[in-house]
Amino acid sequence: PLSCRHLSSSNVRRRRSVHFIPADNDKFLSKSLTLGADTIVLDLEDSVKNKQLGREKLRAFLDMAHSLPGRNNTEVLVRINPLSSSVEDWREDLVAG
């Protein structure tokens, strides 16, 4: 069984709310840090129709996100394509995010 005895409350991040945001959606990206979520996951995988556009928008968002209101209170993660995918999209995802 998994034991959490070695974790203290000071090194555990509680996530009450996690929002997945398609990286190619400007409207959702612009609102993402204002939602009050503990974590936002910028998605480059299934929810993104145009992968290249999603990577470009993600890069631009990450470049400016550090100065946006709400950034200090919200953890920002990036969901990439699986490493096992036949197309090596995940390599480009890593460069973008």
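This dialogue reads the fold of a predicted model and then turns to one of its residues.

Q: Where should a reader begin, and how many helices and strands does the protein have?

A: One begins by listing the elements of secondary structure. The protein has three helices and three strands. Read from the N terminus, these elements follow the pattern β-α-β-α-β-α.

Q: In what order do the strands stand in the sheet, and is their pairing parallel or antiparallel?

A: The order in a sheet is read from strand to neighbouring strand. Here the three strands form an open sheet in the order β1-β2-β3, and the pairing is parallel. Because β1 (18-22) and β3 each have a single partner strand, they stand at the edges, and one side of each has no neighbour in the sheet. From one strand to the next, the twist averages 25 degrees.

Q: How many bridges join β1 to β2?

A: Pairing is read from the bridges between two strands. Five bridges join β1 to β2 (residues 39-43), and the two strands run parallel. Within this pair, Val 18 stands opposite Thr 39 of β2.

Q: Which strands does α2 lie across?

A: The place of a helix can be described by the strands it crosses and by its angle to one of them. The helix α2 lies across β2 and β3, and its direction makes an angle of about 145 degrees with β2.

Q: What share of the residues counts as buried, and what does the surface consist of?

A: Burial is read from accessible area. Of the 97 residues in the protein, 31% count as buried. The accessible surface is about 6,700 Å², and carbon and sulfur atoms account for 53% of that surface.

Q: What share of the contacts joins residues at least 24 apart in sequence?

A: Contacts can be sorted by separation in sequence. Among those between residues at least 6 apart, 58% join residues at least 24 apart.

Q: Where is Thr 74 found, and is this residue buried or exposed?

A: A single residue is first placed among the elements. Thr 74 is in the loop between α2 (51-65) and β3 (75-79). Its relative accessible area is 3%, under the 20% cut-off, so Thr 74 counts as buried.

Q: Which residues is Thr 74 in contact with, beyond its neighbours within four places in sequence?

A: Such contacts show what the chain brings together. For Thr 74 they are Arg 13, Leu 33, Ala 37, Asp 38, Thr 39 and Ile 40. A polar atom of the Thr 74 side chain lies 3.2 Å from the backbone oxygen of Ala 37. Thr 74 and Leu 35 are 39 residues apart in sequence, while their C-alpha atoms are 9.3 Å apart in space.

Technical notes: Residues are numbered from 1 along each chain as its sequence is written. This is a predicted model: local features need pLDDT of at least 70, side-chain atom pairs count only at pLDDT 80 or more; totals for chains, interfaces and linings use all residues. Side-chain values use heavy atoms; hydrogens and water are left out. Helices (H or I, at least four residues) and strands (E, at least two) are DSSP runs, numbered from the N terminus. Buried means under 20% relative accessible area, exposed over 50%, partly exposed in between (1.4 Å probe, protein chains only). Contact means heavy atoms within 4.5 Å. Accessible areas come from the Shrake-Rupley method with a 1.4 Å probe; for residues, only the protein chains shown count as cover. A polar contact is a pair of N or O atoms within 3.5 Å; within protein, one must be able to donate a hydrogen and the other to accept it, and residues adjacent in sequence count only if both atoms are side-chain atoms. Two strands pair if DSSP finds at least two bridges between them. Axes are lines fitted to C-alpha atoms, for helices over the stretch in contact, and angles run from 0 to 180 degrees between N-to-C directions.
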